[in-house]
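Here are a few exercises to work through with the model open in your viewer. Try each task before reading its solution.

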Amino acid sequence: MLSLQLGGGGRVTDGGDVLAQVVEGELRLQGAYHGVGERTPVLVSDIVDFTAEYRLHLLDGVVYTGSQYAAHGRLHLGPPSTDALAFGTDLIAGYEHTPPSAIIVDVGLLGGYWAVIEANAAWASGAYVADPDLVLDVVLRAASPTASVTARDREFIRRPQPTAALQAGRFKPVY
């Protein structure tokens, strides 16, 4: 079980490595990632204050279920607003065939405008107070066995890259 802790300086850690950190200024950013490889991607963003944040569970191009999970950066559980559902519906209508058929999209209200916060794998995202049966439908689609993956979702299957142990014949991949 992964246990995350919020430490000093706005750092989120797993007890060792820093997984995320709030850093102000470029010089502080350079020092914050000492030892991180030069080719490691780092996401940089301004700090924003979402009025409300919602998790939407999308299945087959529709908003299947969802819930509010935060207000002004603090936990705030509740049903999704009709505006959040409408934004999610409009969003997926514009990109219907781009994401996998089962995915999570977090959206939020920022300065009076709707924005996408992030997209996540359905099997790795919390349900908050969304309908658990509907959430399970989305998770089961996203984590279905390879043999039952739809043609639309085949492009999202990641094949593991051989490691030194695999190349040496010590282990055999299981698909």
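One term before we start: two residues are in contact when heavy atoms of theirs come within 4.5 Å. Keep in mind that this is a predicted model.

**Exercise 1. Get your bearings**

Work out how many helices and strands the protein chain has, and in which pattern they follow each other.

Solution. Start by counting: the protein chain comes to 4 helices and 8 strands. Next, walk along the sequence, and you'll read β-β-β-α-β-β-β-α-β-β-α-α. Then look at burial: of the 175 residues, 24% count as buried. Finally, check the contacts with a separation of 6 or more: residues 24 or more positions apart account for 47% of them.

**Exercise 2. Find the two sides of a helix**

Select H2 and decide which of its residues are buried and which are exposed.

Solution. First, the helix itself: H2 covers residues 82-94, and its 13 residues reach 18 Å from first C-alpha to last, close to the 18 Å expected. Now pick out the buried residues, which are Ala84, Phe87, Gly88 and Ile92. Look down the axis of H2: these buried residues fall within an arc of 125 degrees, so they line one face of the helix. The spacing has a simple background: an α-helix has 3.6 residues a turn, so residues three or four places apart point the same way. Turn to the other side of H2 and you'll meet Thr82, Asp90, Ala93 and Gly94, which are exposed. Last step, ask what the buried residues pack against: strands S4, S5, S7 and S8.

**Exercise 3. Trace the nonpolar core**

Find out which residues make up the largest nonpolar core, and which element gives the most to it.

Solution. List the members: Ala52, Tyr54, Leu56, Leu58, Ala84, Phe87, Ile92, Ile103, Val105 and Val107, 10 residues in all. Sort them by element, and S4, H2 and S7 turn out to give two or more residues each. S4 gives the most, with 4 residues. Now zoom in on Leu56, leaving out residues up to four places away in sequence: Leu56 touches Val63, Thr65, Gly66, Ala84, Leu85, Gly88, Ile103, Ile104, Val105 and Val107. Apart from this core lies another one, of 5 residues, among them Leu59, Ala102, Ala122 and Val138.

**Exercise 4. Look into a loop**

Take Ser125 and Ala130 and decide for each whether it is buried or exposed.

Solution. Locate them first: Ser125 is found in the loop between S8 and H3, and Ala130 lies in the loop between S8 and H3. Ser125 has a relative accessible area of 15%, so it is buried, the cut-off being under 20%. For Ala130 the value is 6%, so that residue is buried too. Next, check the side chain of Ser125: one of its polar atoms lies 2.8 Å from the backbone oxygen of Ala121. Beyond its neighbours within four places in sequence, Ser125 is in contact with Arg55, Ile104 and Asn120. Leaving out the corresponding neighbours, Ala130 is in contact with His57, Thr65, Gly66, Ser67 and Val135.

**Exercise 5. Check two backbone angles**

Find where Asp60 and His72 lie, and what their phi values are.

Solution. Asp60 lies in the loop between S4 and S5, and His72 in the loop between S5 and S6. Phi of Asp60 is near 50 degrees, and phi of His72 is near 50 degrees. Most residues other than glycine have a negative phi. As for exposure, Asp60 is partly exposed at 42% relative accessible area, and His72 is partly exposed at 48%.

Terms used: Residues numbered from 1 in each chain as written. Predicted model: local features only at pLDDT ≥ 70, side-chain atom pairs only at ≥ 80, totals over all residues. Heavy atoms only, no water. Expected span 1.5 Å × (residues − 1). Buried < 20%, exposed > 50% of the residue type's maximum accessible area, 1.4 Å probe, protein only. Arc of directions from axis to C-beta. Polar contact = N/O pair within 3.5 Å; in protein donor to acceptor, adjacent residues only side chain to side chain. Core = buried A, V, L, I, M, F, W, Y, C linked by side-chain atoms within 4.5 Å.
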